[in-house]
Amino acid sequence: MSKTNEASWKSKAKERNVEIRVLKRQLREVRKSRDSWKDKYKQQQKSKAKLVEHKPKGHQYPSALIWLCIYVYNQSQCSLRSCCTMIAGCSMLFEINCKRPSASSIRNWIIKSGYYFYQQPPAADKWCVIIDESVSIGHEKLLLILGIPLSDWEFSKAIVHKDVRVLYVGIATSWDSNKIASVLNNLEQKIAISYCVSDRGNNIKAAIRKQGHLNIYDCSHEWAKCLEKCYGKDTDFILMIQQMGLVRRKWAISKYAHLMPPALRTKARFQNIFPLIEWIENIKTHWDFIDDSAKEELSFINDNKEMIDDLVTLNNVIDILSMTLKISGLNKSNIEQCKRVLNEHCTTKTTLHFSKLMQDNWLRYEPVFEETKTTYICSSDIIESYFGKFKQKIKLNGMQAITESVLAMSMWTQDITTTEIDTALESVKMKDINEWKENNTTHSLHKKRITFFAQNCKKKAA
């Protein structure tokens, strides 16, 4: 073999050896990666199996699925049937192999879990009790009592759902002071009530007074009442509201629909007047961009400039008072701070009248602050949030009525775990729910309708 051929052969052999070493290394890496993915797949299959294998005793659905159903229904504004569809989609996405639950099953899980949390004994602590009754739902009213354990409360933020506990929920066609006092008396056997927060409803005030508790008024209702005294019978204000109503009706399906004023509630109008004031401010800011024909319809804004300026001032003042009282609470120092704000900003006739009314309301707390330096919670916004969420759920269920589903409120304050769900479903029976329903609710409007028409059909058949 010539030296040239020998050199060529050696060069090719070396290249093949290098290539073989590279391919062997790649093969080892591929095999290692394959084994790793096999292990991951097996672990995933085990976790999926584990996810659906654990079930509460006496139930065919896995705990994880039950927890997911309850969580979705409580946290989103959807109906029970929509909840079923969402859960079915999640099961497909995560490849959870189990049956699709029905709406009635989810409802039973929610009510059982709510009943379980509602029946748990409150902590041994001093409690702030927030009490209110809803407007009529169907032919009934809901009395709700929330509690905040004071040992953990630091006055560093506004109250949210997780900060409170549902202490009592009751259903009746009316709630007089004697009924409410009886509820508070029974509640006193379970917890130590330090003071109560209410919206100055006459029946609730009387009940709290009968039980001898300190009643702290909700600050939002306080300034709403003061605004009502300032503007409730003011002819210019009433005329402006009427003109806004006409504009709203006229613009509802016009090209100016995006500019129409917000709707005001007929009841407690002065509690949600602030969106209206913000709308007026936005219209004034963007006045140059509005068509002339629309300006003519909105001429009442310029005609009532002085009154609107006062309303804007009061809106800004109330924003400052809210930041102080709803977060830092009610005490002597905070009241003095709020008085300084009122004296600084309220300089016109109407705003001065509002300032005097507010400061006169705070006089009732002077004897309290002389005895103690305690800071008090003075906001019941959280209970209004509960009522709003509950009413939204009722609207999704057709005819409005208060049923045993009201027990679900008890879960809105909880970070629920699958272990707690297991305990709730295993310990609470439908017999317990039916007994609570019999003692605390009446027939829903839907049930009464069905019964009524069924009776009439029987009469005709006879």
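**Loop between strand 2 and strand 3**

I began in this predicted model with Phe155, which I found in the loop between strand 2 and strand 3. I looked up its backbone and noted a positive phi of about 55°, although Phe155 is not a glycine. Most residues other than glycine have a negative phi, which is why I marked the position in the notebook. I then asked how exposed Phe155 is, and with a relative accessibility of 22% I entered Phe155 as partly exposed, since buried would require a value under 20%.

**Loop between strand 4 and helix 6**

I turned next to Arg200, which lies in the loop connecting strand 4 with helix 6 (202-211). Arg200 is not a glycine either, and I recorded for it a positive phi of about 75°. Its relative accessibility is 25%, so I listed Arg200 as partly exposed.

**The sheet**

I went on to the strands and wrote down an open sheet of five, in the order 3-2-1-4-5 and with mixed pairing. Which strands stand at the edges? I noted strand 3 (165-172) and strand 5 (215-217), each with a single partner strand, so that one side of each has no neighbour in the sheet. From one strand to the next I recorded an average twist of 25°.

Within the sheet I followed the pairing of strand 1 (residues 126-133) with strand 4 (residues 192-198), which runs in the parallel sense over five bridges. As an example I looked up Val129, whose bridge partner in strand 4 is Cys196. I then recorded that helix 5 (residues 177-188) packs on the sheet, where it touches strand 1, strand 2 (141-149), strand 3 and strand 4, and that the direction of helix 5 makes about 30° with that of strand 2.

**Ser177 in helix 5**

I stayed with helix 5 to look at Ser177, which is part of that helix. Is Ser177 buried or exposed? At 16% relative accessibility I entered Ser177 as buried. Setting aside neighbours within four places in sequence, I listed Asn203, Ala206, Ala207 and Lys210 as the residues in contact with Ser177.

**Helix 8 and helix 12**

I then examined helix 8 (residues 235-251) and helix 12 (residues 305-328), whose axes come within 11 Å and cross at roughly 90°. I therefore described the two helices as roughly perpendicular to each other. On the side of helix 8 I found the contact made by Asp236, Phe237 and Met240, and on the side of helix 12 by Met307, Ile308 and Leu311. Sorted by class, this contact has five nonpolar residues, one charged residue and no polar ones.

Asn304 was my next entry, in the loop between helix 11 (299-303) and helix 12. With 13% relative accessibility, Asn304 counts as buried. Leaving out its neighbours within four places in sequence, I noted contacts of Asn304 with Asp236, Met240 and Gln243.

**Nonpolar cores**

I closed with the largest nonpolar core, which has 112 residues, and noted that Leu298 and Phe354 touch the most other members. For Phe354 I wrote out the residues touched, not counting those up to four places away in sequence: Trp223, Cys226, Leu227, Cys230, Leu314, Ile318 and Leu342. Apart from this core I recorded another, of 19 residues, including Leu143, Val183, Leu187 and Cys196; Cys196 had already appeared in my notes as the bridge partner of Val129.

Terms used: Residues numbered from 1 in each chain as written. Predicted model: local features only at pLDDT ≥ 70, side-chain atom pairs only at ≥ 80, totals over all residues. Heavy atoms only, no water. Axes fitted to C-alpha atoms, helices over the stretch in contact; angles between N-to-C directions. Helix = DSSP H or I, 4+ residues; strand = E, 2+ residues; numbered from the N terminus. Parallel < 35°, antiparallel > 145°, perpendicular 65-115°, else oblique. Contact = heavy atoms within 4.5 Å. Nonpolar A, V, L, I, M, F, W, Y, C, P; charged D, E, K, R; others polar. Pairing = 2+ DSSP bridges. Buried < 20%, exposed > 50% of the residue type's maximum accessible area, 1.4 Å probe, protein only. Core = buried A, V, L, I, M, F, W, Y, C linked by side-chain atoms within 4.5 Å.
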